[in-house]
Amino acid sequence: MPRIAAGYNSPATFPAYGVLEKGAPLARWDYTPEPLGLEDIDIQVTHNALCHTDIHMRDDDWGISKFPFVPGHEIVGVVVAKGDNVTGVELGNRVGYAWIKNSCRSCKNCVSGKENICAKGYTGTITMGNNGGFGKYMRAPADFAYKLPDALDSVSAAPLLCAGLTVYAPLRRLITQPGCKVAIIGIGGLGHLAIQLASKMGAVVTAVSGSPSKEAEARALGASHFLLSANAEASFGTQEVVLNTISGAEGIDEQTKLSMALLEADGAFCMVGMPNVDLKISLLDLIANQKRVVGSIVGGRSDMKQMLEFCAAKDIKPMCEVMKLSQINEAMDKLAKNNVRYKYNSPATFPSYGCLEKGAPLVRWDYTPEPLGPGDIDIQVTHNALCHTDIHMRIVGVVVAKGDNVNGVDLGDRVGYAWIKNSCRSCKNCVSGKENICVKGYTGTITMGNNGGFGKYMRAPADFAYKLPDALDSVSAAPLLCAGLTVYAPLRRLITQPGCKVAIIGIGGLGHLAIQLASKMGAV
């Protein structure tokens, strides 16, 4: 007899959101699953990730959809029922389920853990009318469920099950030594994970994008170099591996030419995005320079297990935006229009290190931020500096969310945040840019219980975030936001001509910056 978790009633129908006909928006649809087999499990779904493949399947772009069906192939949930022959997972286990649902298990590829290239063809989780995870429950073979490492939270784990695996598998094959030069084309859902994975594998990563606004974020993710796709000629012939993550058909010919041009002789161009078009490759370039063009389709079970453990060990996580399942059509529209900023999840609580009482050491503390206001931003913190005033007041990070009225910074901008969080904005001092002496008093970033940057995220008014110059690396920028400003402002007022004689007393955190600033201002 199958084993069933307490409280689970194994319903005759599973409530879900399905595509009832080609190209149609998803609608509530209760379907009758196949009976629970000896090797099957039921998963109570808690999280799904959404990717372009779900849209391709909705629209039957690849001719492998059968309607009606339930999309969703990056699934996280809890095992609530299992067949008699299931041994790999137990009731209550938190598991992930992905693109592949079954395979022949007997061909040479399956036997070696490469079920993604099963000689007889694998069974897709949502192909040919199979039902995926956009519902309350899902029934599927247990052998393709993966127990998730404790270090991976469920929101982060879901996108890794397809997007993460899709880029991990070819990178693991193609990065053959430390220092391998790898270019990642496209810094979206696949690309932002590929940058992290390749850099943690020891590669020297070049991020390639058509948008200059993505440079700061690409570097924060681990890229050593950044190229604008329209201005990449100087880097032609320099890369050992080029991984192209572009999923849309628009501009694919130009992206293919760019990918091949960036490759050095004997390099490998790997395509993991799946636009519904054929690629145009120059045979002369391919043959004369002994280049390789390869594809990669997700990965097998061995790849999946390695990828999950690698991401858990190296703290590789996607940026997520969390929406309710009832908003699935809105989410698909955003994705199709490329309006999803990777996958930032705007968590209900922000993990941080806080001071819980006067004079106490800092401890892990998850706090609930104020709601994101129309003039606010969320910063994913990458660096903090520490000074005597501290606790958390010199912050560098990347903008991952913004309110409707924010126009000074954009998603992906690398910004600094400092001692002042707000001011009246209307007194004579504020109007002249001297918010530090606001007549009504400024609001400090960490005064009176406000929470600063010693954590993963920070929410604060956008008007006091400062876009950082490209020439300033993040480590150097952080101390400048308070210590640098503290000495720069008076020196700028007091040094009135070249040769001004200035004495700096104390050569510590403030003093060593004051010496540099004063000398560069022409003082003796």
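What pLDDT does the protein chain average, and what share of the residues score at least 70? The model is a predicted one, and its chain averages a pLDDT of 91, with 97% of the residues at 70 or above. Confidence varies among the elements of the chain: strand S6, residues 94-97, has the highest mean pLDDT, at 98, while strand S19, residues 376-385, has the lowest, at 82.

A useful place to begin is the packing of two helices. Two packed helices are described by the angle between their axes and the distance between the axes. Helix H3 spans residues 154-174 and helix H8 spans residues 301-314. Their axes come within 9 Å and cross at roughly 100°. Because angles of 65 to 115 degrees count as roughly perpendicular, H3 is roughly perpendicular to H8. On the H3 side, the contact is made by Leu160, Leu161, Gly164, Leu165, Tyr168, Ala169 and Arg172. H8 contributes Asp303, Met304, Gln306, Met307, Leu308, Phe310 and Cys311. By class, the residues of this contact between H3 and H8 comprise 10 nonpolar, two polar and two charged.

The two helices also appear in the account of the internal cavities. The model has two cavities of 30 Å³ or more, and the largest has a volume of about 80 Å³. Its lining is made up of 14 residues. Nearest the centre of this cavity lie Ile100, Tyr146, Leu165, Gly299 and Met304. Leu165 of H3 and Met304 of H8 are also among the residues that make the contact between the helices. H3 and H8 each supply at least two residues of the lining, and H3 gives the most, with three. The lining of the largest cavity divides into 10 nonpolar, two polar and two charged residues.

Several loop residues deserve a separate look. Pro68 is placed in the loop between helix H1 (52-58) and strand S5, and the peptide bond that leads from Phe67 to Pro68 is cis, with omega near -5°. Gly92 lies in the loop that runs between S5 (75-82) and S6. Leaving aside residues up to four places away in sequence, Gly92 touches Val78 and Val79. Gly92 is also one end of a long separation: Gly92 and Pro490 are 398 residues apart in sequence, and their C-alpha atoms are 62 Å apart in space.

Further along the chain, which loop holds Arg105? Arg105 lies between strand S7 (100-102) and helix H2 (108-111). Its phi is near 70°, a positive value in a residue other than glycine.

Terms used: Residues numbered from 1 in each chain as written. Predicted model: local features only at pLDDT ≥ 70, side-chain atom pairs only at ≥ 80, totals over all residues. Heavy atoms only, no water. pLDDT = per-residue confidence, 0-100. Helix = DSSP H or I, 4+ residues; strand = E, 2+ residues; numbered from the N terminus. Axes fitted to C-alpha atoms, helices over the stretch in contact; angles between N-to-C directions. Parallel < 35°, antiparallel > 145°, perpendicular 65-115°, else oblique. Contact = heavy atoms within 4.5 Å. Nonpolar A, V, L, I, M, F, W, Y, C, P; charged D, E, K, R; others polar. 1 Å grid on protein atoms, 1.4 Å probe; cavity = no way out; pocket = protein on both sides within 12 Å on 5 of 7 lines; lining within 4 Å. Points joined across faces, edges and corners; volume = space filled by probe spheres on them.
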